[in-house]
Amino acid sequence: MHRPHHYLHFLKNRELNELYISVAIKSFALSMISIFIPIFLLKLNYSLTSVLIFYAILNATHALFIIPATKISSKYGFKHSILYSIPILIIFYLALFTLEQFNWPIYLLAVIFGISNSLFWMGYHVDFSKFSDKENRGKEVGMTKIVSLIFHVLGPVIGGLILTFIGFEALFATVSVLLIASAIPLFFSKDIHESIPFSIKGIFKGQKIKDTLAFAGHGIESGISSVIWPIFIFFTILNNFTTLGLVSSLSILLSLVFVFIVAKFSDIHRKLVLKIGALLNTIIWGVKFFVKTTFQVFIVDSFYGISQTLISIPFDALSYDKANKSNIVKFIMFREMTVQAGRVTLFLIMTVIATLTVSFFFGGGASLLYLLF
């Protein structure tokens, strides 16, 4: 009798429903291509150092553009901020697609990607913070993960197959069309316009050092998992786009199975669930150091999918809780800038350290920082 009530609650929240649909479409599009971008650049004979600097610039741009992104959101609305991120992202993919022909500066591409990310995530997090319900926030974050992961499961496999049998051109075209479609559901209801007075100094004023470290740790850990880990397993173990896609999809599938359980418990014991996930994640990063075969990659990524679910749902829910207790926009700005600063630090350090596996220890250490949140 109790469960249907929660599902009806979700269905009645029109703002979140629009966000769910939009995120599902965008997640499907990006899951088809994101994991392959660093490998694509390396296969075009860019050095590993160049690729790592590319991601450092991308994330630094994301952090710095948060301020103008907030002003744009304030003037035109948070949904419009998400909308404006789409054509900029398509420009990035078009430039990436024609990189070999026109030899665009890849660091310029990184700036374009960073601007798009800043506009999207600023709009997304503020929108979710405003319209999610504190009592059901864990379930609502879980619902976002569910609709996103359902589409995300197929994305890497389809992306890998397209790359293997057709090529990057077809993949970029498919992703661009889906990105345009992802913006449509957002405007089934009115956008929010909110004047936001703020200063750069005020963004970090009053923020807790524990939150700063946790967000920076999140940036470091997610940077390793999304960029360095795919590079490592592709070039040292898998050497195949389809297999890489399958590995990613298996991890996502395990995440999806556990979302239903974790979402329910994160509304009751958010911090406990987050601590369990952080400790499990630390162990998994230690195990990744010893991975040598395709089968081992499948196993360790499956467990990683579980630990990420245990982390991401309570972590996001707690973030939105904290945002609503203070100035929502200022807290989201603080979150985004700190997460990106963690990633920039990681990629710059890795340009000096030649061995990719060293980053796995950073991943384990960064996972422990979730315990401070």
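**Helix packing and residue environments in an all-helical model**

Phe362 is in contact with Ile220, Ile224, Leu346, Ile349, Met350 and Ile353, when residues up to four places away in sequence are not counted. This residue belongs to helix α17, which spans residues 358-368, and at a relative accessible area of 31% Phe362 is classed as partly exposed. Along the chain Phe362 is 80 residues from Thr282, yet the C-alpha atoms of the two are separated by 9.5 Å.

The model in which these contacts occur is a predicted one. The secondary structure of the protein chain consists of 17 helices and 0 strands, and 59% of its 373 residues count as buried. When contacts between residues at least 6 apart in sequence are considered, 87% of them join residues that are at least 24 apart.

Several pairs of helices were examined for their packing. Helix α12 (residues 209-238) and helix α15 (residues 294-325) have axes that come within 12 Å and cross at roughly 160°; since an angle over 145 degrees counts as roughly antiparallel, α12 and α15 are therefore roughly antiparallel to each other. The crossing in which α12 passes α15 is left-handed. On the side of α12 the contact is formed by Asp211, Ala214, Phe215, His218, Glu221, Ser225, Trp229, Ile233, Ile237 and Leu238, and on the side of α15 by Thr294, Val297, Val300, Asp301, Tyr304, Gln308, Phe315, Ser319 and Lys322. By class, the residues of this contact of α12 with α15 comprise 10 nonpolar, 5 polar and 4 charged.

Helix α15 also packs against helix α14 (residues 270-288), the axes of α14 and α15 coming within 8 Å and crossing at roughly 145°. The crossing of α14 and α15 is likewise left-handed, and the residues of their contact divide into 18 nonpolar, 4 polar and 5 charged. Within α15 itself lies Ile306, which is buried, with a relative accessible area of 12%. Although Ile306 and Ser251 are 55 residues apart in sequence, the distance between them in space is 7.7 Å, C-alpha to C-alpha.

A further pair is made up of helix α5 (residues 66-76) and helix α16 (residues 328-352), whose axes come within 10 Å and cross at roughly 150°. The two helices α5 and α16 are therefore roughly antiparallel to each other, and α5 passes α16 in a right-handed crossing. The residues that meet are Ile66, Ile67 and Thr70 in α5 and Val329, Met333, Glu336 and Met337 in α16; of these, 5 are nonpolar, 1 is polar and 1 is charged.

Helix α4 (residues 48-64) was considered with respect to its length and its burial. With 17 residues, α4 reaches 24 Å from its first C-alpha to its last, which is close to the 24 Å expected at 1.5 Å a residue. The buried residues in α4 include Ser50, Val51, Leu52, Phe54, Tyr55 and Ala56, and also Leu58, Asn59, Thr61, His62 and Ala63. Both nonpolar residues, such as Val51 and Leu52, and polar ones, such as Ser50 and Asn59, are thus found among the buried positions of this helix.

A buried serine is found in helix α8 (residues 106-131), where Ser116 lies. The relative accessible area of Ser116 is 1%, under the 20% limit for a buried residue. Leaving aside neighbours within four places in sequence, the contacts of Ser116 are with Ser85, Ile88 and Leu89.

Two loop residues were noted for their backbone conformation. Asn45, which is not a glycine, nevertheless has a positive phi of about 75°; this asparagine is placed in the loop between α3 (37-43) and α4, and with a relative accessible area of 71% Asn45 is exposed. Asn103, also a residue other than glycine, has a positive phi near 55° and is located in the loop between α7 (99-102) and α8. At a relative accessibility of 58%, Asn103 counts as exposed.

Terms used
Residues numbered from 1 in each chain as written. Predicted model: local features only at pLDDT ≥ 70, side-chain atom pairs only at ≥ 80, totals over all residues. Heavy atoms only, no water. Axes fitted to C-alpha atoms, helices over the stretch in contact; angles between N-to-C directions. Helix = DSSP H or I, 4+ residues; strand = E, 2+ residues; numbered from the N terminus. Parallel < 35°, antiparallel > 145°, perpendicular 65-115°, else oblique. Left-handed = near helix turned anticlockwise from the far one by under 90°. Contact = heavy atoms within 4.5 Å. Expected span 1.5 Å × (residues − 1). Buried < 20%, exposed > 50% of the residue type's maximum accessible area, 1.4 Å probe, protein only.
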